[in-house]
Amino acid sequence: MKQVEIDSGSGFCFGVTTAIQKAEDELSKGGTLYCLGDIVHNGQECERLHKLGLITIDHKEFEQLHHAKVLLRAHGEPPETYAIAQRNDIEIIDATCPVVLKLQQRIKAEYDKKDNPDKQIVIFGKNGHAEVLGLVGQTQGSAIVIESPEEAKNLDLSKDICLYSQTTKSLDGFREIVNYIHSHSNPQFSFKYYDTICRQVANRMPNIQTFAAKHDLILFVCGKKSSNGKVLFNECKQINPNSHLIDQPEEIEKEWIEKALTIGICGATSTPKWLMEACMERALELQNQ
């Protein structure tokens, strides 16, 4: 009998758990509930909630809605979304993660100071990511987004800089950017930086490194759209080359199972526990075939 272990540290983060709970609570009341964008970057979980009645819409569809109820997911939204809701008599069920909400408020407060027209508000994050769109929206679109430490070289270091980070970015990457700006900027200009990375997410990196090293085979379960999942999976792969990224149990190959004595199953902050459990059941089935 092979040993199969699910990583106790994997699964939904607090923000995602709260958003899904709010969706389930609203759906249990009956009536129609829309969600602006995928509630979580996991197709299997989105499908489960769709069967319960949750209707996912995009921003164009949202603008056409009137007199409806719409859930805003944990990633957060820019101010324009709330303005549209008010104009269209849309009831908002706000599931923005408290960590993201606090970051939005900090960036808006910095932008509203208007103390220096040349000041650059810089966000370390993924262009186009839902959370980042919400953060940039606090600055009326003026914030500069950089996706990697390499892109810090494109900043104008002869101007004041305020640096923030998307909550799910790499802590090491953020520190690299800080070090680069510190060592290359003109000391007569101000450089302020704020480590706004969620520790519940950041702490998963060392935990998953330890977990990946314990097993012959790693099955990393996450949706194809999960940024956090890609980062964590790459870390697993570096520690344990015999790591496979899967979206659902059906993707597990019998050959992988046959060659391993110990199997570790882990996932992203957007991976539901029930899906990891289903993958464990499938792995056990394959070893008995």
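Four aromatic pairs are present in the structure, which is a predicted model. One of them joins Y164 and Y194. A pair of aromatic rings is described by the distance of the centres and the angle of the planes. For Y164 and Y194, the centres lie 5.0 Å apart and the planes meet at 20°. The pair is classed as stacked, since planes under 30 degrees apart fall in that class. Y164 belongs to strand β8, residues 161-165. Y194 sits in the loop that runs between β9 (191-193) and α8. The two residues are 30 apart in sequence, so the pair ties together separate parts of the chain.

Two open sheets are described next. In one, four strands follow the order β3-β2-β4-β5. Their pairing is parallel. Strands of a sheet pair through backbone hydrogen bonds, either parallel or antiparallel. The edge positions are taken by β3 (54-57) and β5. Each has a single partner strand, so one side of each is left without a neighbour in the sheet. From one strand to the next, the twist averages 35°.

Inside this sheet, β2 (residues 33-36) runs parallel to β4 (residues 69-72), and two bridges join them. C35 has L71 of β4 as its bridge partner. On to β5 (residues 91-94), β4 pairs over four bridges, again in the parallel sense. Here L71 stands opposite I93 of β5. L71 thus recurs in both pairings: it is the partner of C35 and faces I93 across the β4-β5 pairing. Helix α1 lies across β2, β3, β4 and β5. Its direction makes an angle of about 165° with β4.

The other sheet is also open, with four strands in the order β1-β12-β10-β11. The pairing is parallel here too. At the edges stand β1 (3-6) and β11 (243-246), each pairing on one side only. Neighbouring strands are turned against each other by 20° on average, direction ignored. Four bridges link β1 to β12 (residues 262-267) in the parallel sense. Across this pairing, V4 stands opposite I263 of β12. Helix α9, residues 204-214, lies across β1, β10 (217-221) and β12. The angle between α9 and β12 is about 155°.

Open and enclosed spaces were then examined. The largest pocket holds about 330 Å³ of space. It is lined by 23 residues, and those closest to its centre are C13, V16, H75, T168 and T269. Four elements give two or more residues to this lining: α1 (14-27), α5 (98-112), α8 (199-202) and α10 (227-239). Of these, α1 gives the most, with three residues. Helix α1 therefore has two roles in this description: it lies across four strands of a sheet and contributes to the pocket lining. By class, the lining of the largest pocket has ten nonpolar residues, twelve polar ones and one charged.

Enclosed space is limited to one cavity of 30 Å³ or more. The largest cavity has a volume of about 30 Å³. Its lining consists of L157, K159, I161, S185, N186, F189, S190 and F191. Four of these residues are nonpolar, three are polar and one is charged. I161 falls in the range of β8 (residues 161-165) and F191 in that of β9 (191-193). Strand β8 also carries Y164 of the stacked pair.

Definitions and conventions. Residues numbered from 1 in each chain as written. Predicted model: local features only at pLDDT ≥ 70, side-chain atom pairs only at ≥ 80, totals over all residues. Heavy atoms only, no water. Pairing = 2+ DSSP bridges. Axes fitted to C-alpha atoms, helices over the stretch in contact; angles between N-to-C directions. Contact = heavy atoms within 4.5 Å. 1 Å grid on protein atoms, 1.4 Å probe; cavity = no way out; pocket = protein on both sides within 12 Å on 5 of 7 lines; lining within 4 Å. Points joined across faces, edges and corners; volume = space filled by probe spheres on them. Nonpolar A, V, L, I, M, F, W, Y, C, P; charged D, E, K, R; others polar. Phe/Tyr/Trp six-rings, centres within 6.5 Å; stacked < 30°, edge-to-face > 60°.
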